[in-house]
Amino acid sequence: MSQGSMILKIISFPISILLISLGIMTVLGGHITPGGGFQGGAMIASGIILSILVYGLGNSPLELSHLYVEIFESVGALGFIIFGLIGLFLGGFYLYNVGTDLLNVVPVAFQNALHYPDVTNAGIIPYLNIFVGLKVFVGLSSIAIAFAGFKKLVEESE
């Protein structure tokens, strides 16, 4: 079933790619600019949602499979938990920034391994932005996919 006009279909795919690209830039630069994981993840999800709204659930060029959603949701949650536990065991606090180590309690080997290669010395904050971005992107996208699938089921039953 076609949901959008030809003009919408021609315009929406490049706009979706642009939204996804801007979302990735927001996630990766979130430790030095306004924004971060949540805002970037929402921008990435808006690109997916725009594509689903215009092309329909089965015809979208940016279609997410159930396995894809599961994997990225799990990676986002586990990454956040693992970085929190690393901070707990090495620094004494959950989500302690072991990349910067303000209290000088983390061994140098761990500090260098988790040091983000940037002049701002943000430590683990950019990694946490990436994990939050994954969670938000997949969460919002899966909500839109569920609504579109429900709408498709209702239309087929009528």
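In which handedness of crossing does helix 1 pass helix 2? Helix 1 passes helix 2 in a left-handed crossing (the near helix is turned anticlockwise from the far one by less than a right angle).

This is a predicted model, with local features needing pLDDT of at least 70 and side-chain atom pairs pLDDT 80 or more, while totals for chains, interfaces and linings use all residues. Residues are numbered from 1 along each chain, and side-chain values use heavy atoms, without hydrogens and water.

Helix 1 spans residues 6-28 and helix 2 residues 37-55. Helices are DSSP runs of H or I, at least four residues, numbered from the N terminus. The two pack at about 165°, axes 7 Å apart. Axes are lines fitted to C-alpha atoms over the stretch in contact, and angles run from 0 to 180 degrees between N-to-C directions. The pair is therefore roughly antiparallel (over 145 degrees).

The count comes to 1 salt bridge (a Lys or Arg side-chain nitrogen within 4 Å of an Asp or Glu carboxyl oxygen). Lys-135 and Glu-73 form a salt bridge at 2.5 Å, N to O. Lys-135 lies in helix 5 (residues 125-157) and Glu-73 in helix 3 (residues 66-91), so the pair ties together parts 62 residues apart in sequence.

Partly exposed means from 20% to 50% relative accessible area, with a 1.4 Å probe and protein chains only.

| Residue | Relative accessibility | Class |
|---|---|---|
| Lys-135 | 30% | partly exposed |
| Glu-73 | 25% | partly exposed |
| Asn-121 | 35% | partly exposed |

Asn-121 sits in the loop between helix 4 (108-113) and helix 5. The C-alpha atoms of Asn-121 and Thr-100 are separated by 6.6 Å.

How values were computed: Parallel < 35°, antiparallel > 145°, perpendicular 65-115°, else oblique.
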